[in-house]
Amino acid sequence: QVQLVESGGGLVQAGGSLRLSCAASGLTFGSYTMGWYRQAPGKERELVAEISSGGTTYYADSVKGRFSVSRDNAKNTVNLQMNSLKPEDTAVYYCAAKLALSTRYHYWGQGTQVTVTS
């Protein structure tokens with residue numbers, strides 16, 4: 001059974017940093033594109049960052065220059081380093097997985113709360 005488990009969320013002051021991790025199991029991790037989504041109260045779910053099986057990355061404009069996504073295929077993990085955090089980054093962050101040519105993400109983690117105080 002596919003499982004994606006996020007960790008590393010928490011409470012941080014504006015300007016601070018957090019690193020989220022996602023541990024994957026039940027899938028051939030190296031074959032999947034991994035994404036980080038977030039959803040804030042009253043807002044649509046947003047793709048924050050993405051990294052392909054080959055290491056190509058994508059970032060939403062709102063986080064470019066502040067967030068960095070990486071993966072360790074040997075450890076079946078994907079990470080999201082979040083720097084210079086802003087209150088508007090407050091959201092539940094979700095790890096997701098899809099095959100490269102899939103149109104949408106089909107596997108999702110349970111989410112981890114990130115709260116940024118001003």
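**Exercise 1.** Find the salt bridge that joins the side chains of Asp-89 and Arg-66, and place both residues along the chain.

*Solution.* Start with the distance: Asp-89 and Arg-66 meet in a salt bridge at 2.7 Å, N to O. The term asks for a side-chain nitrogen of Lys or Arg within 4 Å of a carboxyl oxygen of Asp or Glu. Next, locate the partners: Asp-89 sits in the loop between β8 and β9, and Arg-66 in the loop between β6 (57–59) and β7 (67–72), 23 residues apart. Strands here are DSSP runs (E, at least two residues), numbered from the N terminus.

A word on the model: it is predicted, so local features need pLDDT of at least 70 and side-chain atom pairs 80 or more, while totals for chains, interfaces and linings use all residues. Numbering runs from 1 along each chain as its sequence is written, and side-chain values use heavy atoms, leaving out hydrogens and water.

**Exercise 2.** Which residues are linked with Asp-89 in a network of salt bridges?

*Solution.* First, Asp-89 also pairs with Arg-38 at 2.9 Å, N to O. Arg-38 lies in strand β4 (residues 32–39), so this pair ties together parts 51 residues apart in sequence. Then follow Arg-38 to Glu-46, another salt bridge at 2.9 Å. Together, Arg-38, Glu-46, Arg-66 and Asp-89 form the network.

**Exercise 3.** Is each network member buried or exposed, or in between?

*Solution.* Use relative accessible area: buried is under 20%, exposed over 50%, partly exposed in between (1.4 Å probe, protein chains only). Asp-89, at 0%, is buried. Arg-38 is buried at 7%, and Arg-66 is buried at 10%. Glu-46, at 27%, is partly exposed.

Key
Helices (H or I, at least four residues) and strands (E, at least two) are DSSP runs, numbered from the N terminus.
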